[in-house]
Every structure is written in C-alpha cells, then in structure tokens.
Amino acid sequence: MKNQDFHKSITTNVSAEEAFEKIASVSKWWTANCEGSARNLNDVFTLRFGENKFTFKVVEVIPNKRLVWLVTDCYMPWLNDKTEWKNTKIVFEFSEGKNQTRIELTHIGLVPGVECYNVCEVGWNQYFGESISELLATGNGILFDD
C-alpha cells in the first residue's frame, strides 16, 4: 500500500491574497499561544498547546500561491516518538477561480501508519476544515486551545 501524505482542500469566497494573509496569521486560527511570524521566507514561529510544542520555519513563499512551513522541532508528550512531526512540511497552495479560491493543505510526512496520524487527522480537520474556514468567512477563527 502506498503511503499518502495528509491532504485536505477547502473553497472560499475570498481572494487568494486575503486567504494567504489570514492563513499566515496563525494565532487567529490555530492557537493564540504563538510566538514569531509565519509570513515571510525564513520566518520562525512556535506554537504551544499545553505541553505540546511545535517550531516551524517558513521555507517557501510564493505570495498568494504557495506557503510552506518546515517543522524544525516539536514535542508531543503523548506519543512514543515525541518528535514525530520533526522534518515534516505543511504546504498550503492557493488557486483562484471564478469568485472563489481553492486552498489545498498537504502535511508532507503525516501518513497513515505514523503514530499520530488518526489524532492529527482530526486536528487538521478542525484547524483547517473548521477554524480557517470560519476565519475566512467571518474574520474570526475557532481556537481550540486547551
């Protein structure tokens, strides 16, 4: 069986430019406990949820088209491999159509069979499927902080 990186897409009525800017505002849709910037090439930012900690580096930016974050460090105490996300990439791709923007999320390295896949799939469905969708529709994301 071929492993598949986690992938999800949403469609919104906002422009690719607005979607790009809002997704780069991580503290508005993922967690308010965010330090650093997620917008420009080589930016570094860290997210914390309780004991969980994730540090990212922005490794690719094509404004309004593509945004890629590399996980440079992480700590997930509930996993056997507490650094399971390290060296994975979060890729956002934006494409504008007639009055709509499609946003594709791929988490490269988050594949079925890794320990956190099922829990992380639920998390991405909440953060990307619900919180980002709400942020794009209303201007306010849904923060799932503990």
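Guide: Two strands pair if DSSP finds at least two bridges between them. The model here is predicted.

Visitor: In what order do the seven strands form the open sheet?
Guide: The pairing in this sheet is antiparallel. Read across, the order of the strands is β1-β7-β6-β5-β4-β3-β2.

Visitor: Which strands stand at the edges, each with a single partner strand?
Guide: An edge strand has a single partner, so one side of it is left without a neighbour in the sheet. The strands that stand there are β1 and β2.

Visitor: By how many degrees are neighbouring strands of this sheet turned against each other on average?
Guide: Direction is ignored for this angle. The average turn between neighbouring strands is 20 degrees.

Visitor: What is the bridge partner of Thr55 in β5?
Guide: β4 and β5 run antiparallel, and nine bridges join them. Strand β4 covers residues 52-62 and β5 covers 66-75. The partner of Thr55 in β5 is Asp73.

Visitor: At about what angle does α2 run to β1?
Guide: First look at α1. That helix lies across β4, β5, β6 and β7, and runs at about 160 degrees to β6. Helix α2 lies across β1, β3, β6 and β7, and its angle to β1 is about 15 degrees.

Visitor: What kind of aromatic pair do Trp29 and Phe92 form?
Guide: The structure holds 16 aromatic pairs. In this one, the ring centres are 6.3 Å apart and the planes stand at 85 degrees. Planes over 60 degrees apart get a name of their own, so the pair of Trp29 and Phe92 is edge-to-face.

Visitor: How many residues apart in sequence are the parts that this pair ties together?
Guide: Trp29 lies in the loop between α1 and β2, whereas Phe92 lies in strand β6. The pair therefore ties together parts whose separation in sequence is 63 residues.

Visitor: Is Phe92 buried or exposed?
Guide: The cut-off for buried is under 20% relative accessible area. Phe92 has a relative accessibility of 0%, so Phe92 counts as buried.

Visitor: What kind of aromatic pair do Phe92 and Phe128 form?
Guide: Their centres are 6.2 Å apart, with 40 degrees between the planes. That angle is neither under 30 nor over 60 degrees. The pair is tilted.

Visitor: In which helix is Phe128?
Guide: Both Phe92 and Phe128 are buried. Their pair links distant parts of the chain, 36 residues apart. Phe92 is in strand β6, and Phe128 is in helix α2.

Visitor: Which element supplies the largest share of the largest nonpolar core?
Guide: In soluble globular proteins, nonpolar side chains tend to be buried together. The largest nonpolar core here has 40 residues, and Trp29, Phe92 and Trp124 are among those with the most contacts inside it. Elements that each supply at least two residues include β1, α1 and β7. The largest share, eight residues, comes from α2.

Visitor: What is the sign of phi at Asn87?
Guide: Most residues other than glycine have a negative phi. Asn87 sits in the loop between β5 and β6. It is not a glycine, yet its phi of about 70 degrees is positive.

Visitor: Is Asn99 buried or exposed?
Guide: Asn99 lies in the loop between β6 and β7. Its phi is also positive, at about 60 degrees, although it is not a glycine. With a relative accessible area of 63%, Asn99 is exposed.

How values were computed. Residues are numbered from 1 along each chain as its sequence is written. This is a predicted model: local features need pLDDT of at least 70, side-chain atom pairs count only at pLDDT 80 or more; totals for chains, interfaces and linings use all residues. Side-chain values use heavy atoms; hydrogens and water are left out. Rings of Phe, Tyr and Trp (its six-membered ring) pair if their centres lie within 6.5 Å; planes under 30 degrees apart count as stacked, over 60 as edge-to-face and the rest as tilted. Helices (H or I, at least four residues) and strands (E, at least two) are DSSP runs, numbered from the N terminus. Buried means under 20% relative accessible area, exposed over 50%, partly exposed in between (1.4 Å probe, protein chains only). A nonpolar core is a set of buried Ala, Val, Leu, Ile, Met, Phe, Trp, Tyr and Cys residues joined through side-chain atoms within 4.5 Å. Axes are lines fitted to C-alpha atoms, for helices over the stretch in contact, and angles run from 0 to 180 degrees between N-to-C directions. Contact means heavy atoms within 4.5 Å.
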